[in-house]
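User: Please take a close look at the salt bridges in this model. I would like to know where the paired side chains sit and how much of them is accessible.

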Amino acid sequence: MIRTVVVVGTLLLGIGAVVAQQDQVKVTQAQMKGNGKNAGALAAMVKGEKPYDQATVDAALAQFEDTVKKFPTLFPDSIKGMKPEGDYSYSPKIWEDKAGFEDHIKSFGKAVADAKGKITDLDSLKATLPVIGKQCGGCHETYRLKAT
Ligand code: HEC
């Protein structure tokens with residue numbers, strides 16, 4: 001009897017852990033999609049598809065800043081090897097080269113901090129967006145995989 005309870009308990013714990021992992025994968029992906037959405041909104045202004053809008057700029061920078069803060073918790077060991085649904089996945093290098101990944105988070109954080117308060121019109125947006133975009137691309141090149 002005690003044995004059965006222990007076995008069932010362990011099974012439930014196992015299921016709980018899987019659900020938590022899938023939640024984490026979704027949380028991580030949602031944060032990344034948020035980056036994409038905000039970067040897209042900024043790019044649309046640079047391309048002249050949308051008029052310059054300070055509120056959109058400020059919201060994007062705030063979201064990037066939030067991402068910088070959350071990055072260290074977005075890729076726990078528990079989601080290593082898990083695949084998010086969609087076009088992109090994480091490279092195992094995130095865990096194999098943690099120091100390198102943290103360097104990318106730091107330099108992205110710096111670019112975002114430097115941009116804060118500096119983007120006040122279309123010209124300053126045009127000058128600053130590529131600096132941030134370079135950080136996005138630099139990290140993706142090594143740590144983001146195209147899903148197969
Ligand atoms: C420190 C590394 C790093 C930086 C900096 C970074 N990303 Fe990512 N990004 C990733 C990783 C890893 C993934 C793959 C994981 C995922 O998709 O959940 C990803 C995925 C994405 C995705 C795909 C989301 C999906 O699954 O549909 C988008 C869009 C994206 N990033 C946009 C951006 C933008 C825009 C920036 C810059 C403003 C940025 N990222 C900065 C690491 C980074």
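Analyst: Lys70 has a relative accessibility of 35%, so this residue counts as partly exposed in the predicted model. Its side chain meets that of Asp66 in a salt bridge, with 3.0 Å from N to O. Both Lys70 and Asp66 belong to helix α2, where 4 residues, about one turn of the helix, separate them. Asp66 is partly exposed as well, at a relative accessible area of 27%; the lower limit for that class is 20%.

Helix α2 (residues 54-74) also holds Glu65. Glu65 forms a salt bridge with Lys116, and the closest N and O atoms of this pair are 3.3 Å apart. The pair links distant parts of the chain, 51 residues apart, since Lys116 lies in the loop between α4 (98-115) and α5 (122-143). Glu65 is partly exposed at 29% relative accessible area, and Lys116 is partly exposed at 43%.

Helix α4 contains a further pair, Asp114 and Lys110, 4 residues apart, or about one turn of the helix. Their side chains meet in a salt bridge at 3.0 Å, N to O. Asp114 is partly exposed, with a relative accessible area of 37%. Lys110 reaches 53% relative accessibility and therefore counts as exposed, the cut-off being over 50%.

The salt bridge count comes to 4, among them the pairs Lys70 with Asp66 and Glu65 with Lys116. As for the charges overall, the protein has 20 positive and 17 negative side chains, and the centres of the two sets lie 4 Å apart.

Note on methods:
Residues are numbered from 1 along each chain as its sequence is written. This is a predicted model: local features need pLDDT of at least 70, side-chain atom pairs count only at pLDDT 80 or more; totals for chains, interfaces and linings use all residues. Side-chain values use heavy atoms; hydrogens and water are left out. Lys and Arg count as positive and Asp and Glu as negative; His and the chain ends are not counted. The place of a charge is taken as NZ of Lys, CZ of Arg, CG of Asp or CD of Glu. Helices (H or I, at least four residues) and strands (E, at least two) are DSSP runs, numbered from the N terminus. Buried means under 20% relative accessible area, exposed over 50%, partly exposed in between (1.4 Å probe, protein chains only).
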